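Got the viewer open? Let's walk through this one stop by stop, selecting as we go.

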Amino acid sequence: HPVENNNGTWSFRRTEPFAPGVTHTATLIQTAAQQDSPEASRTFTVALPVRKPVITYPTPSAEVGRVLTVRGRDGMAEASMQVRDAQFQTELGEPKVLTADGEWSVELPVLEFRPYTIDAQQTLRGEPSERSETLRFEVVVLPPEFDVPQPGGNLPRSMTLSGTGMQGGRVDIWLQGASEPLIEDVFVGADGWSADVTLPVGETTIVARQRFEGRPSKDTAPLTFNVVPAAPFIETPATDEPIGRRVVVSGFGVPGDTVTVKLGDATHAVLGSSPVLEDRTWSVTVEFDQPGGLYGLMAVASSEGFDSADSPARSVVLGTYHPSIDVPVAGGWVDNPVRFEGEGRPGVGQVVSWFNPDQVWASDLNVEAGGWQGGASQSLSAGGNWCRFRQTITDTADGATASDWVESGRFEVQPPSSPTQAPNSR
């Protein structure tokens, strides 16, 4: 680079820009009379231009709550971002040091209920940026939010509505179009708000409003959901109880509902239906045509075209194999203690009373290839009787674990013999 004057002053401009924010070293050597001078060096840093931040939230003229996080873009790592109340030219909260370039956020202290005009400025290594464009918004009491129900969801007649809002506020809820609140003055705590209510079955639309320090919010958007029957309760058969091809499933529900019993597998095959009586009970006689094994039974309540959720599946053991009762024979006369015999598959069985299955007449009877046999552990009443027999199955031939109940024919139990009268000793 030639020196263009003789008074010792020279200058040079590089056409390619220097990278900002890093240290550069310029080294100078001048040549005169074909002689090179010693090197002269100097380090320098090109200042990084501090970008003007942009506020992206809140949006212009938005209504926001008292707890606000301002968001934006064009932030710079290690810069300190400060949000200002431009109307009163006062800082809002403490500056925040950014950890990355790009998007940024600053949490503000609790704001007053009033209109605000704010801007933002970032400072990097003592160099401030231009202030962002101003943004105007208003701090108001916001409507509450619903967690339960969700739009289009289902709730039982007796339900708990819940959601979130401004801590210390009060929530009122209306059925859409009603002049009086359905629920009013529900307190909003640190965990939100909740309220219990009972509604008729059908499609229902509600709105809510929040009050805080005498200031009302706007109404929420209408929320539509379905009020459906509560899932019925299955009382019998008991969990994991062995059952036969024909069994009565019973339980409790809401009078007027219709209960449908179905399989709890992928098919959800319907097994039968019954109305719920005024005493809240229902019963369905079910006949299976499935093979023996483990099944789940579920119940669903219906009313006015709406169905409840499925009840929890009640696990039962279906037995389809029929052993036999060969002794006593139908129409035969027997004496106490009564002897029982029959055929079956390997396992263990029991004989019970025909009118009360809880009254066991013979238990723990081994069933082998040659059949089963055993005597009654108590005297049976004289006259006509029947008995029932059921067994477990252990041969694993078809996966069955229990048989169905089988019932004997009627047999007659001899009355006890009259004792011999003692001779007259006189």
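Start by selecting Asp398, which counts as exposed because its relative accessibility is 52%. Keep in mind as you click around that this is a predicted model. Now add Arg345: the two side chains meet in a salt bridge, 3.1 Å from N to O. Asp398 sits in the loop between strand S39 (387-391) and strand S40 (406-407), while Arg345 is in the loop between strand S34 (339-342) and strand S35 (347-353), so the pair links parts of the chain 53 residues apart. Unlike its exposed partner, Arg345 is buried, with a relative accessible area of 13%.

While you're on charged pairs, pick Arg170, Asp172, Asp185 and Arg211 together; salt bridges with shared partners join these four into one network.

Next, select Lys262 and Asp310. Their side chains form a salt bridge at 3.2 Å, N to O. This one also links distant parts of the chain: Lys262 is in strand S27 (residues 258-263), and Asp310 is in the loop between strand S31 (306-307) and strand S32 (314-318), 48 residues apart. Lys262 counts as buried at 14% relative accessibility, whereas Asp310 is partly exposed at 34%.

For another pair, go to Glu78 and Arg125, whose closest N and O atoms are 3.8 Å apart in a salt bridge. Glu78 lies in the loop between strand S7 (69-75) and S8, and Arg125 in the loop between S12 and strand S13 (127-128), 47 residues apart. Here both residues are exposed. In the whole structure, a search finds 20 salt bridges.

Now click Gln122, in strand S12. Is Gln122 buried or exposed? Buried, with a relative accessible area of 0%. What does the side chain of Gln122 reach? One target is the backbone oxygen of Arg51, at 2.8 Å. Show Asp74 as well: its backbone oxygen lies 2.9 Å from a polar atom of the Gln122 side chain.

Time for the greasy part. The largest nonpolar core has 23 residues, and Val70, Trp104, Leu108, Ile118 and Phe137 have the most contacts inside it. Strands S8 (80-85), S11 (102-107), S12 (115-124) and S14 (135-139) each give two or more residues to this core. Zoom in on Phe137: beyond its sequence neighbours, its contacts include Pro58, Val64, Leu68, Tyr116 and Ile118.

Finish on the surface with Val3, Trp10, Phe12 and Leu28, a nonpolar patch with about 430 Å² of accessible area together. Leu28 belongs to strand S1 (residues 23-28) and is partly exposed, at 37% relative accessible area.

Notes
Residues numbered from 1 in each chain as written. Predicted model: local features only at pLDDT ≥ 70, side-chain atom pairs only at ≥ 80, totals over all residues. Heavy atoms only, no water. Core = buried A, V, L, I, M, F, W, Y, C linked by side-chain atoms within 4.5 Å. Buried < 20%, exposed > 50% of the residue type's maximum accessible area, 1.4 Å probe, protein only. Helix = DSSP H or I, 4+ residues; strand = E, 2+ residues; numbered from the N terminus. Contact = heavy atoms within 4.5 Å. Patch = residues over 30% accessible without salt bridge, like charges linked within 9 Å, V, L, I, M, F, W, Y side chains within 5 Å. Areas by Shrake-Rupley, 256 points an atom, 1.4 Å probe, with all protein chains shown as cover. Polar contact = N/O pair within 3.5 Å; in protein donor to acceptor, adjacent residues only side chain to side chain. Lists of a residue's contacts leave out its neighbours within four places in sequence.
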